Amino acid sequence: MTPAARLPAHKHDLAAVEALARLPASAWIAHAPQLLEWLRDGNWPVARPVARLLASTGAATMPALARVFDGDDAIWKCGCIESLLAALPPADWESLRPRLQRLADAPDPAELAEGAAEAAQTLLRRRDRA
């Protein structure tokens, strides 16, 4: 990354996201795992802009996103589905389909309670209609 560009430092750091958006994705895509951290809470001001930034890379973010779906944070999974995956064409997230199918078909209690299972079901239905 250039010296002027940096990762967001706090939940209100919109200037950092705007600076990253002016760079080619190749300059910051290696930091996708850190950027995904900002999708843990969809109410944070940086969450939606970061989701748009990551969505601009298409499938390039999927390896980092797979680690989110392999984890146990149901709220984070839900946020990633609703703010990032929903903004992408299904072909871009096809590599995550087995994880999303597991989430939709066999959610754990937290995934069910936090709406992650329902979000996965909705996303998969959209994909099946496409």
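## Exercises on a predicted model

A search of the whole structure, which is a predicted model, turns up one aromatic pair. Let's begin there.

**Exercise 1.** Find which residues form the aromatic pair and how their rings are arranged.

*Solution.*
- Step 1: The partners are W38 and W44, with ring centres 5.6 Å apart.
- Step 2: The angle between the planes is 65 degrees. Planes over 60 degrees apart count as edge-to-face, and that is the label this pair receives.
- Step 3: Now look at accessibility. W38 has a relative accessible area of 15%, so W38 is buried, because buried means under 20%. W44 is at 24% and therefore counts as partly exposed.

**Exercise 2.** Work out which ring the charged end of R40 sits over.

*Solution.*
- Step 1: Start from R40 and look for the ring beneath its charged end; that ring belongs to W76.
- Step 2: The distance from the charged end of R40 to the centre of the W76 ring is 3.6 Å.
- Step 3: R40 has a second role to note, as one of the residues that line the largest pocket.

**Exercise 3.** Describe the largest pocket: its volume, its lining and the helices that contribute.

*Solution.*
- Step 1: The space in this pocket comes to about 180 Å³.
- Step 2: Its lining includes L39, D41, G42, I75, E82 and E114.
- Step 3: Sorted by class, the lining has five charged, four nonpolar and three polar residues.
- Step 4: Two helices, helix 3 (47–55) and helix 5 (74–83), each supply at least two lining residues. Helix 5 gives the most, with five.

**Exercise 4.** Decide how many disulfides the structure holds, then check C78 and C80.

*Solution.*
- Step 1: The count is zero.
- Step 2: For C78, the nearest cysteine sulfur is that of C80, 9.5 Å away. A disulfide needs two cysteine sulfur atoms within 2.5 Å, so this distance does not qualify.
- Step 3: From the other side, C80 has the sulfur of C78 as its nearest, at 9.5 Å, and is likewise in no disulfide.
- Step 4: Are these cysteines buried or exposed? C78, at 9% relative accessibility, counts as buried, and C80, at 0%, counts as buried too.
- Step 5: C78 also belongs to the lining of the largest pocket.

**Exercise 5.** Place L65 in the structure and say how far its C-alpha atom is from that of L96.

*Solution.*
- Step 1: L65 lies in helix 4, which covers residues 62–70.
- Step 2: With a relative accessible area of 0%, L65 is buried.
- Step 3: L96 is 31 residues away along the chain, and the two C-alpha atoms are separated by 8.4 Å.

How values were computed:
Residues numbered from 1 in each chain as written. Predicted model: local features only at pLDDT ≥ 70, side-chain atom pairs only at ≥ 80, totals over all residues. Heavy atoms only, no water. 1 Å grid on protein atoms, 1.4 Å probe; cavity = no way out; pocket = protein on both sides within 12 Å on 5 of 7 lines; lining within 4 Å. Points joined across faces, edges and corners; volume = space filled by probe spheres on them. Helix = DSSP H or I, 4+ residues; strand = E, 2+ residues; numbered from the N terminus. Nonpolar A, V, L, I, M, F, W, Y, C, P; charged D, E, K, R; others polar. Buried < 20%, exposed > 50% of the residue type's maximum accessible area, 1.4 Å probe, protein only. Phe/Tyr/Trp six-rings, centres within 6.5 Å; stacked < 30°, edge-to-face > 60°. Lys NZ or Arg CZ within 6 Å of the ring centre and 35° of its normal.
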